[in-house]
Amino acid sequence: MNTEPPRPSVRERPLSPHLQVYRLPVTAMLSISHRITGVLLGIGLIGLVLVLMSVVQGPSAYAPVHAFLSGIAGRSLLWIWITALLFHLSHGIRHLVWDTGHGFSRDSLLYYALGEFAAALVLVLAVAIATLARS
């Protein structure tokens, strides 16, 4: 004889919170973004090595690379890489502040997170203004 109690059907089981229901804190979103920008920077460095290799090979090898980087797709990739670099830098500075033992209270976590995001935005705008002023 079967003495086990009947198992509930799948519909009767409680569901864990879905990502659309659960709201991640700002600090968690910045941490995830920091990891993503680290990957983008690694990919960008591979691209930088390829560009430098084409420069070393001479003008005929660099011409198509220059044409790509001068186009919309190339400029977009460069701006994505610059933004990732400056955001990653800002988050790294925040980690240096944490290494000193500061910024772990609940209020300062949000303050530093917003400051980190604002610093990255200001740095990107400064690079954009410097680029426009140069051209």
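**Helix packing and one salt bridge in a predicted model**

Colleague: Let's start with α3: which residues are buried there?
Modeller: This is a predicted model, so buried is a computed label here, meaning under 20% relative accessible area. By that cut-off, the buried residues of α3 are G74, A84, L86, F87, S90, H91, R94 and W98.

Colleague: Which helices do the buried residues of α3 pack against?
Modeller: The protein chain has four helices and zero strands, and from the N terminus on the elements run α-α-α-α. The buried residues of α3 have these partners: α1, α2 and α4.

Colleague: How far apart are the end C-alpha atoms of α3?
Modeller: α3 has 28 residues, and at 1.5 Å a residue they should span 40 Å. The model agrees with that expectation, because the end C-alpha atoms of α3 are apart by 40 Å.

Colleague: Which residue takes a positive phi just after α3?
Modeller: α3 covers residues 72-99. Just after α3, a positive phi of about 90° turns up, and the residue that takes it is G101.

Colleague: Moving on to α4, which of its residues are buried?
Modeller: α4 takes in residues 106-134. Its buried residues pack against α1 and α3. Those buried residues of α4 are S108, A113, E116, A120 and V124.

Colleague: And the span of α4: how far apart are its end C-alpha atoms?
Modeller: With 29 residues at 1.5 Å a residue, α4 should span 42 Å. The model agrees with that, as the end C-alpha atoms of α4 are apart by 43 Å.

Colleague: Now charges: which side chains meet in a salt bridge?
Modeller: Side chains of opposite charge can pair when their charged atoms come close. A search of the whole structure finds one salt bridge. It has an N to O distance of 3.0 Å, and the side chains that meet are R94 and E116.

Colleague: How many residues apart are R94 and E116?
Modeller: R94 sits in helix α3 and E116 in helix α4, so the pair links distant parts of the chain. In sequence, R94 and E116 are apart by 22 residues.

Colleague: Is R94 buried or exposed?
Modeller: The cut-off for buried is under 20% relative accessible area. R94 has a relative accessible area of 4%, so R94 counts as buried.

Colleague: What is R94 in contact with, leaving aside neighbours within four places in sequence?
Modeller: R94 belongs to helix α3, and the buried residues of that helix pack against α1, α2 and α4. With its sequence neighbours within four places left aside, R94 is in contact with T27, L30, L109, Y112, A113 and E116.

Colleague: On the other side of the bridge, what is the relative accessible area of E116?
Modeller: E116 is found in helix α4. Apart from neighbours within four places in sequence, E116 is in contact with L30, F87, S90, H91 and R94. E116 is buried, because its relative accessible area is 4%.

Colleague: How far apart in space are E116 and F87, C-alpha to C-alpha?
Modeller: In sequence, E116 and F87 are 29 residues apart. They are in contact all the same. C-alpha to C-alpha, their distance in space is 7.8 Å.

Colleague: Over to the surface: which helix gives the most to the nonpolar patch?
Modeller: The patch has an area of about 1,000 Å² and includes Y22, L24, M29, F68 and L77 among its residues. α1 and α3 each supply at least two of the patch residues. The helix that gives the most, with six residues, is α1.

Colleague: Y22 is in that patch too, so what is its relative accessible area?
Modeller: Y22 lies in the segment before α1. Y22 is partly exposed, because its relative accessible area is 48%.

Colleague: Back in α1, which residues is S54 in contact with, leaving aside neighbours within four places?
Modeller: S54 lies in helix α1. S54 counts as buried because its relative accessibility is 6%. Beyond neighbours within four places in sequence, S54 is in contact with A61, Y62 and V65.

Colleague: Last one, on confidence: which element has the lowest mean pLDDT?
Modeller: The protein chain averages a pLDDT of 89, and 87% of the residues score at least 70. Among the elements, helix α2 has the highest mean, 97. The lowest mean, 93, belongs to α4.

Methods. Residues are numbered from 1 along each chain as its sequence is written. This is a predicted model: local features need pLDDT of at least 70, side-chain atom pairs count only at pLDDT 80 or more; totals for chains, interfaces and linings use all residues. Side-chain values use heavy atoms; hydrogens and water are left out. Patches are made of residues with over 30% relative accessible area and no salt bridge: like charges are joined within 9 Å, nonpolar side chains (Val, Leu, Ile, Met, Phe, Trp, Tyr) within 5 Å. Accessible areas come from the Shrake-Rupley method with a 1.4 Å probe; for residues, only the protein chains shown count as cover. A salt bridge is a side-chain nitrogen of Lys or Arg within 4 Å of a carboxyl oxygen of Asp or Glu. Buried means under 20% relative accessible area, exposed over 50%, partly exposed in between (1.4 Å probe, protein chains only). Contact means heavy atoms within 4.5 Å. pLDDT is the predictor's confidence in each residue, from 0 to 100. The expected span of a helix is 1.5 Å times one less than its number of residues.
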